[in-house]
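Work through the exercises below with the sequence and the 3D view open. Try each task before reading its solution.

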Amino acid sequence: MKLIYSLMLILCGFVFTNAQRTYTVEGTVQDFHDKTMLENAVVKIGEFSTKTGKDGKFSFNKIPAGKYILIAKHPDCNDYTENVGVTQDLHLTITLEHHIQDIETVTIHGSHKSNGSLVIKTLDKSEIERNSTDNLGNLLSKISGVSTLKTGNNISKPIIHGLYGSRIAILNNGVKLAEQEWGVEHAPNVDINNFQHIDVIKGASALKYGSDAIGGVVVMESEIFPKKDTIKGSVNLSGISNGRGLGVDVDIAKVWKNGWAVKSGGSIKKLGDQHAPDYNLMNTGMDFSSFNFTVQNNTYERGISFDYYLTNQNIGIYRGSHVGNNEDFYNAITSSIPVYTGNFSYDINNPRQVIEHHIAKVSAFKRFENIGKLSATYSYQYNHRQEYDIRRGDLADTPSLDLELMTHQFNINDLLERGKWSLETGIDASFQNNYSDPATKARRLIPNYDKYSAGIYSVFKYKISHNFNVEAGARYDFNRYDVTKWYDKNDWERLYADAYPQFYVRDKENRTLTRPKLNYGNVSFNAGLEYRPNANFDIKFNYAKVGRTPNIAELFSDGLHHSAAVIEIGDLGLKNEQGHQFNLTVDTKFNVLKGLNISVNPYFFMTKNFINEVPTGVQNTIRGVFPVWSYQQIDAKMYGVDLDVNWKLTDNLTYVGRGSYVYGQDDTHNVPLILMMPPNFSNALQFSKENWNHFYLTLENQTFLKQDRFPVYNATVPIYINGEEVVKTVDFSTPPNGYSLWNIQTGINISKNLSAGLIVNNLFDVLYRDYLNRMRFFADEAGRNFILNFRYRF
């Protein structure tokens, strides 16, 4: 019995002694995706608690042996929980999903967003909503250095630092729009109301979007939904005085806490004839409609999204731009009052263009601890463009141009982030098929073709110190055209037969069938730095060596471009553009009154084999009389500066100013480049008072000086005066006079969910013509315009 008692006492003593043993538990807390150590993370083990230091380390001493629940917390992170058995000293590495709210919150961007050495300006959701009836080109012109190339007021495309068309990449929620190759008046087919913010990247430094984007990139991003169970949306109704139009845009989203979301929306806009201050602009109405649908499931670690976008447009082309003979053409160019004015109408007659554009996209991403964030996107685009000329008889309702473009795009991208560096690498591939319908009974402006493209890129960023960042990127692109084209036999033999005999297929009467197969390769790279010594000063510099492949219109245009009212002639012998681009941005802040911000962006671009389209004559056809514009290759340079000023005068009153200047020179012919944006500046006073139901009022003056630097490409036409033939000079060259416009924008919240806004453009109904509007030869710009909108949110 004594033996049993002794054994029990020994056993109890052993248990008691073991229970009093303690151990050390230590470790680090780090970011899941870039492995940086997280400071001030709270780590709990049982009833014990501590915080991590600057090195991300934590330590517990004298933790009794046992089983515990370990919890780690950090702002903007998911909590980390683990069951831990303490039977010895432990060293733990805890990985938290940092920045988890990236997918839960909507980021409201300021006027300038910093992203390494890239020069980025941003339009946020409030700016988009206040201008919901605008098209993309007109909206982007609110950014310094960005202007628009117009065909009337309903068709506009962005110009960045003097470059436009296929030199500007436009991304609709990650999908690069495939539609701009066909002409300068082919505006982007997008609905601005689909997007939460729009970023403009100036210059060629964003290589991940393609080497052809030497002018810049427009990135349109959709809303990132909160992770909570809710239904949200809005309905906006707009009335437009100039054109007596109406616009409606609607969106609704159902969101679940588990990351699922479904969103749908759309817009309708109807305009009749617009009017200049002194007369009606005949046949300038438009019908626009759009639809979008998204279903997605996103968490921090993974996500998948299915998206669909549709836009339809029926746009009237000003009737006075199409004339039937030399006399009418000369009078249309020289007369202050157009021949075609007429009464107001909602009818959209010929000439007009009808465009249908579909985008279907599936995208997914997954974060891996060791290789970073891996993303993949596949998209399909269908673009159907019909252009109707003024035709008689049976062909009156038959389009003169009927093009169908199908585009498949695939991208896979990997972003690996670490404490001081990141590496982004990706592969692009695309296939395009264009069909030009011969049922038009007109010469096909753009031939049938297949285009194969592939690119690979890599961008490396390194943080040398807290104030100094550097980056470098490289990209290689390959493009192949497989084209089937008919030439006039005389043109083929005169221009190309000796240089490209391998493309000849056969002759048929006075036509020659060819099968050009063209390959292009481009190497591009960039290097940039950002220096930010303090919160009040930031300097960025970026250099890019760029190459761009000629687009299909530049190579093969051959005939009347009806909606542009010009004859366009391409050049099969065009080579790759090769250029060097330099961008510098200096942002400074001063403690003057409530704060003064100044941003200056000088830039310089020199290029060999720059593809330039210029007037080369006038041609009288069975369709009428039209200017001839031809593509040519030159050496050129462009430089300029953008200026932005934001000065908060009081808590409620802010001055906002911007200005731009660009200098373009054709070095081959020693003449100025055509269609360079005139010097311009804007001054605005913005008053806002939140406790007055979020009332705001902006008074703005925009001034465009006369463009004094222009090339002379005038032409002559024979006309009859009193029965005698007289040769007259048609002035295609001299820019119109400068002008100054006043605009007002105001708004207020009527109730918690209902707001109202009013815009008055061209307040004093100024008579003017815009140098960058292809219709300026025939008519004045639109006059005063009132836009009233009511938005209900739920």
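**Exercise 1: A loop asparagine**

Asn40 is found in the loop between β1 (22-31) and β2 (42-45). Helices (H or I, at least four residues) and strands (E, at least two) are DSSP runs, numbered from the N terminus. The model is predicted: local features need pLDDT of at least 70, side-chain atom pairs count only at pLDDT 80 or more, and totals for chains, interfaces and linings use all residues. Residues are numbered from 1 along each chain as its sequence is written, and side-chain values use heavy atoms, with hydrogens and water left out.

Task: state the sign of phi at Asn40, and decide whether Asn40 is buried, partly exposed or exposed.

Solution.
1. Recall the rule: most residues other than glycine have a negative phi.
2. Asn40 has a positive phi of about 65°, although it is not a glycine.
3. Set the cut-offs: buried is under 20% relative accessible area, exposed is over 50%, and partly exposed is in between (1.4 Å probe, protein chains only).
4. The relative accessible area of Asn40 is 43%, so Asn40 is partly exposed.

**Exercise 2: A second asparagine and its hairpin**

Task: find which turn holds Asn173, and decide whether Asn173 is buried or exposed.

Solution.
1. Asn173 lies in the loop between β11 (168-172) and β12.
2. β11 and β12 form a hairpin with two residues between them, and Asn173 in the turn has a positive phi of about 50°.
3. These two strands pair in the antiparallel sense over two bridges; strands pair if DSSP finds at least two bridges between them.
4. Leu171 has Lys176 in β12 as its bridge partner.
5. Asn173 has 13% relative accessibility, so it counts as buried.

**Exercise 3: The strand β11**

Task: explain why β11 is largely enclosed, and say which residues cover each face.

Solution.
1. Five of the five residues of β11 are buried, so the rest of the structure largely encloses this strand.
2. In a regular strand the side chains alternate between the two faces of the sheet.
3. On one side of β11 are Ile168, Ile170 and Asn172; on the other are Ala169 and Leu171; all are buried.
4. β11 also runs parallel to β14, joined by five bridges.
5. There, Ala169 stands opposite Val217 in β14.

**Exercise 4: Two open sheets**

Task: give the strand order of the five-strand sheet and of the four-strand sheet.

Solution.
1. The five-strand sheet is open and runs β8-β13-β14-β11-β12, with mixed pairing.
2. Its edge strands are β8 (119-123) and β12 (175-176), each pairing on one side only.
3. Within it, β13 (residues 197-202) and β14 (residues 216-221) run antiparallel, joined by six bridges.
4. Lys202 has Gly216 in β14 as its bridge partner.
5. The four-strand sheet is open and antiparallel, in the order β3-β2-β5-β6.
6. β3 (48-51) and β6 (80-86) each have a single partner strand, so one side of each lacks a neighbour in the sheet.
7. β5 (residues 66-73) pairs with β6 in the antiparallel sense over seven bridges, and Ala72 stands opposite Tyr80 in β6.

**Exercise 5: A peptide bond**

Task: identify which peptide bond is cis at Pro351, and locate Pro351.

Solution.
1. Most peptide bonds are trans.
2. The bond between Asn350 and Pro351 is cis, with omega about 5°.
3. Pro351 sits in the loop between α4 (326-334) and β22 (352-368).
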